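Subject: The structure you asked for

Hi,

Here is the structure, with my notes underneath. Have it open while you read, as I go through it residue by residue.

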Amino acid sequence: MFDINKILRPNIKKLVPYSSARDEFKGEASVYLDANENAFGSPLDTAYNRYPDPLQYKVKKRLSEIKGVPPRNIFLGNGSDEAIDVLFRSFCNPGVDNVILVPPTYGMYEVSANINDIETRKVLLTEDYQLNLEGIAEAIDEHTKMIFICSPNNPTGNSINREDVETLLTNFKGLVVVDEAYINFSRQKTFIQELTEYANLVVLQTLSKAWGLAGLRVGMAFASEEIIEVLNKVKPPYNVNEASQQLALEALGNIETVNNWIKETLTQRDKLVLQLKNFDFVLDIYPSDANFILVKTTGAKDIYNHLVQQGIIIRDRSKVELCEGCLRITIGTPAENELLINALKIINEPEKSTFY
Ligand SMILES: Cc1ncc(COP(=O)(O)O)c(C=O)c1O
């Protein structure tokens, strides 16, 4: 049985969180002289002189309607990167504990672990980019606090087999963090509905991808009430600013636009895959459940440099283990994708280029 008290850091268990002015008085009043704000306003058209709601209730209420999860099971962060960091700070003792990572995967898990002085135990994905469950079981010891699974996975694009994640959730005594940053593009079901089933599940999502709000920095963690309470205790008091809260709330009222973009992205993804298959330098294109594709090529660095010269930036992942020769390409607008294909055509027709 999962027991949060067995994995919490002792100092966090005892932590008395900062109590902000906005925590101490929650009602409506006519005069606020409690938070040392500037009572005159802001030198802007919109007033931001008041501190934001520390627990972002309005945004969570709207998210709760969309996701079918009560607000008490939602944590909001300054991007899901902040949720990752707060998880480390809440559950992992620096210099003592470890986490399991399954590369190739999203790089921030390792960076966050390193910042927090937490050992990372890496168990490579299999050749088909799935979990090596035996390897993971061998790597776990009594100091293993979290396992990070990214599904759909960045940079490979595929979803991780659901039954394998369920095996981990059932057998691991620490937290299984399922990062669903790209779930809106996926054919797979979210794990959010499993929160009542697994007390050790944390699902990460973000408004940075399908929702088109990367600049606002709003990320989400969904988990049991007791896990969310810990994360709220550890986070900085005003971690999601007022402008982001207001704009996120407004954007969350516009699901239709986002759904149309998702459909268009998937159409564009299929089209791009077909076009890329025609190039001699493309060896393989991995199946994607995300808004990017991983493409194995005969010469990733040269192709990358050629595209940079044309003003087109993609991601060279060829130095990443299991991604040798690979480029990661985000799906753009139809016009951007066409520019990409045209730029690549110059490579494929040697007489037009000095590429080879
Ligand atoms: C798998 C994954 N998780 C999380 C993030 C970061 O999301 P956010 O912008 O919410 O911090 C990214 C960004 O690239 C990502 O690829």
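First, the cut-offs for accessibility: a residue counts as buried under 20% relative accessible area, as exposed over 50%, and as partly exposed in between. By that yardstick Arg121 is partly exposed, because its relative accessible area is 22%. Keep in mind that this is a predicted model.

Arg121 is a handy place to start with the charged pairs. Its side chain meets that of Glu119 in a salt bridge, at 2.9 Å from N to O. Glu119 is partly exposed as well, with a relative accessible area of 40%.

A search of the whole structure turns up 13 salt bridges. In one of them, between Glu37 and Arg50, the closest N and O atoms are 2.5 Å apart. Both residues sit in the loop between helix H3 (21-24) and helix H4 (57-67), 13 residues apart. Glu37 counts as buried because its relative accessibility is 16%, while Arg50, at 30%, counts as partly exposed.

The pair of Arg187 and Asp289 also forms a salt bridge, again with 2.9 Å from N to O. Arg187 is in the loop between strand S5 (175-179) and strand S6 (201-206), and Asp289 is in the loop between strand S8 (282-285) and strand S9 (292-297), so this bridge ties together parts that are 102 residues apart in sequence. How do the two partners sit, buried or exposed? Arg187 counts as exposed, at 65% relative accessibility, and Asp289 counts as buried, at 3%. Elsewhere, Lys61, Arg62 and Glu65 are linked in a salt-bridge network.

Now the inside. The largest nonpolar core has 52 residues, and Leu131, Ile149 and Val165 have the most contacts within it. Helix H8 (residues 162-171) gives the largest share of this core, three residues. Leaving out residues up to four places away in sequence, Val165 touches Leu131, Ile149, Ile160, Val176, Val178 and Phe191. There is also a second, separate core of 32 residues, with Phe88, Phe148, Leu175 and Ala221 among them.

Phe88 brings us to helix H5, where it is one of the buried residues, along with Ile84, Leu87 and Phe91 among others. Ten of the twelve residues of H5 are buried, so this helix is largely enclosed by the rest of the structure. The buried set also includes charged side chains, such as Glu82 and Asp85. As a check on its geometry, H5 (residues 80-91) should span 16 Å at 1.5 Å a residue, and its end C-alpha atoms are 17 Å apart, which agrees.

Last, the strands. Strand S2 (residues 98-101) and strand S3 (residues 119-122) run parallel and are joined by four bridges. Leu101 stands opposite Lys122 in S3. Between the two strands the chain passes through helix H6 (residues 108-115), making a right-handed β-α-β crossover.

There is also an open sheet of four strands, in the order S8-S9-S11-S10, with antiparallel pairing. S8 and strand S10 (315-316) are its edges, each pairing on one side only. Inside the sheet, S9 pairs with strand S11 (residues 326-330) over five bridges, and Lys296 has Cys326 in S11 as its bridge partner.

Cheers

Conventions. Residues are numbered from 1 along each chain as its sequence is written. This is a predicted model: local features need pLDDT of at least 70, side-chain atom pairs count only at pLDDT 80 or more; totals for chains, interfaces and linings use all residues. Side-chain values use heavy atoms; hydrogens and water are left out. The expected span of a helix is 1.5 Å times one less than its number of residues. Buried means under 20% relative accessible area, exposed over 50%, partly exposed in between (1.4 Å probe, protein chains only). A nonpolar core is a set of buried Ala, Val, Leu, Ile, Met, Phe, Trp, Tyr and Cys residues joined through side-chain atoms within 4.5 Å. Contact means heavy atoms within 4.5 Å. A salt bridge is a side-chain nitrogen of Lys or Arg within 4 Å of a carboxyl oxygen of Asp or Glu. Two strands pair if DSSP finds at least two bridges between them. A crossover is right-handed if, with the strands pointing away from the viewer, the path from the first strand over the helix to the second runs clockwise.
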